[in-house]
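Biologist: Thanks for sitting down with me over this one. Could you bring it up so we can walk through it together?

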Amino acid sequence: MTVGAAGPSTPTTGRVRVTRPGASRLVGVDVARGLAVLGMFAAHLWPRDLLDERLFDGRSAILFATLAGVSLGLMTGGADPTRPDDRGRRALSIAIRAVLLIVLGLLLQAWNPYVLVILPYYGVMFLLLLAVLWLPRRLLVPLAVVVTLAAPFAASLVPLDAVGDAAAPGLAGLAADALLVGAYPALVWLPFLLAGLAAARSDLARPATAALLVVVGTVAAVIGYGARFLPGASDVAALDPADHEGMPAEIVGSGGVALAVIGLLLLATGTGRVAGRVTRVVRAVLSPLAAVGAQPLTVYTLHLLLTAPLFTAYRSAGGSYGLPLGWLVASVVGTLVYAVVWRRFVGRGPLERLVAAASRPGAGRDDAVSR
């Protein structure tokens, strides 16, 4: 899961070096990832009778996907992309990890049918991004714009069955679900990864880059979520920014929120060599979130494993969606405590270690996707 670190990691400590010479760890990336993971906890566990939209719905997963692009960009050199003679090795590592995510995600979906598991789609997103991973930065943003408009249109042409899945049988239907009409359709969500990749190629160790992310993200959020107020917008599907609709307005709006959050957290926690007294205090306060963000695959997997029987019991007792609020509080607090203790005394998360080892034939010791 790109669930990765902010750059190449040392083999013993798991600490991350960003590509800018002398730059410090991009703590804000880990914090943002931890926030995204806990936001998905809230989306799964918040008690409600109907699946009405809340602040964390959709946006948490989209922040997570945007960070996938950031991490893959940093893994492959950041603002100074990997040399051509080393790109095949990096691509193979990412492909191996993508397949592992797909397999793990399908197993977790079978175990916990109450949650829409993002991991299989996440793996497909990785494979799609490989095709454009080393494009010049000046081409990434136009490509994201094209996909933002074209993918939802293509999705609207897919025939659906009674439950909203692709109606085509066999591999054609499976491909349509994975790419266009599933819970997290990889092609529709590709603009988030492209935006994250473009951000990583812009040198996140520079405060100016983080500030630009805040500005661009805020403008995009206003445009995307403001589209619903245009005259006649209610009759145009593309202008619907509701979560999980996969429309251009949602892609622009929620993608903008993700970029702004990443930029704000980078500024708050310090980028590059900027780390004053206030920044150090902020880092200390947010360090539990950063600890979660350093092992998201482990945390997310444990969450799905542990909540499945709880959902079963709750539904059997007449409950609707989510769980009683105390379970969400306990999950968040327990996760923060676990992540801090594990990181302090062990280091890298257990699943992160396994994924890194499994993909090592393709990429040596580098580990950004599995962190």
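Biologist: Let me start with a single side chain: is Asp86 buried or exposed?

Modeller: Happy to, and please keep in mind that this is a predicted model. Buried means under 20% relative accessible area. Asp86 has a relative accessible area of 12%, so the residue is buried.

Biologist: Which residue does the side chain of Asp86 meet in a salt bridge?

Modeller: The two partners are three residues apart in helix α3, which spans residues 84-111, so about one helical turn separates them. The partner is partly exposed, with a relative accessible area of 33%. The bridge is 2.6 Å from N to O, and the partner of Asp86 is Arg89.

Biologist: And how many salt bridges does the structure hold?

Modeller: The one between Asp86 and Arg89 is among them. Another joins the side chains of Arg83 and Asp85 at 3.4 Å, N to O, and both of those residues are exposed. For the structure, the number of salt bridges is eight.

Biologist: I also see a bridge between Asp30 and Arg343; how many residues apart in sequence are the parts it ties together?

Modeller: The side chains of Asp30 and Arg343 meet at 3.7 Å, N to O. Asp30 lies in helix α1 and Arg343 in helix α12, so the parts tied together are apart in sequence by 313 residues.

Biologist: Is Asp30 buried or exposed?

Modeller: Its partner Arg343 counts as partly exposed, at 29% relative accessibility. Asp30 has a relative accessibility of 1%, so it counts as buried.

Biologist: Which residues are linked in a network of salt bridges with Asp30?

Modeller: We have already met one member, since Arg343 bridges to Asp30. The network takes in one further arginine, so to speak, and the residues linked with Asp30 are Arg33 and Arg343.

Biologist: Let's turn to the aromatic rings. What kind of pair do Trp46 and Phe56 form?

Modeller: A search of the whole structure finds eight aromatic pairs. In this one the ring centres are 5.6 Å apart and the planes are at 45°, so the pair is tilted.

Biologist: Where do Trp46 and Phe56 sit?

Modeller: Trp46 is partly exposed, with a relative accessible area of 28%, whereas Phe56 is buried at 17%. They are ten residues apart, and both are in the loop between α1 and α2.

Biologist: And what about Tyr121 and Tyr184: how many residues apart are they?

Modeller: Their rings form an edge-to-face pair, 5.9 Å centre to centre with 70° between the planes. Tyr121 is in helix α4, residues 119-130, and Tyr184 is in the loop between α6 and α7; their separation is 63 residues.

Biologist: Which of the categories, buried or exposed, fits Tyr184?

Modeller: Tyr121 counts as buried at 18% relative accessibility. Tyr184 has a relative accessible area of 6%, so it is buried.

Biologist: Which residues do ring pairs link into a cluster with Tyr121 and Tyr184?

Modeller: The pair of Tyr121 and Tyr184 is edge-to-face. Ring pairs extend the cluster to Trp189 and Phe192.

Biologist: Which residue lies over the face of Phe345?

Modeller: Phe345 belongs to a nonpolar patch on the surface with Leu325, Val329, Val333, Val337, Val341 and Val346, and together they have about 630 Å² of accessible area. Leu325 is in helix α12, residues 325-345, and is partly exposed at 41%. Over the face of Phe345, at 5.1 Å from the ring centre, lies Arg344.

Biologist: Now the backbone: what is the phi of Asp203?

Modeller: Most residues other than glycine have a negative phi. Asp203, in the loop between α7 and α8, is buried with a relative accessible area of 14%. Its phi is positive, near 75°.

Biologist: And where is His244 found?

Modeller: His244 also has a positive phi, near 65°. The residue is partly exposed, with a relative accessible area of 38%. His244 is found in the loop between α8 and α9.

Biologist: To finish, how many helices and strands are there in the protein?

Modeller: Of the 371 residues, 52% count as buried. From the N terminus on, the elements run as α after α. The count is 13 helices and zero strands.

Notes. Residues numbered from 1 in each chain as written. Predicted model: local features only at pLDDT ≥ 70, side-chain atom pairs only at ≥ 80, totals over all residues. Heavy atoms only, no water. Patch = residues over 30% accessible without salt bridge, like charges linked within 9 Å, V, L, I, M, F, W, Y side chains within 5 Å. Areas by Shrake-Rupley, 256 points an atom, 1.4 Å probe, with all protein chains shown as cover. Salt bridge = Lys/Arg side-chain N within 4 Å of Asp/Glu carboxyl O. Helix = DSSP H or I, 4+ residues; strand = E, 2+ residues; numbered from the N terminus. Buried < 20%, exposed > 50% of the residue type's maximum accessible area, 1.4 Å probe, protein only. Phe/Tyr/Trp six-rings, centres within 6.5 Å; stacked < 30°, edge-to-face > 60°. Lys NZ or Arg CZ within 6 Å of the ring centre and 35° of its normal.
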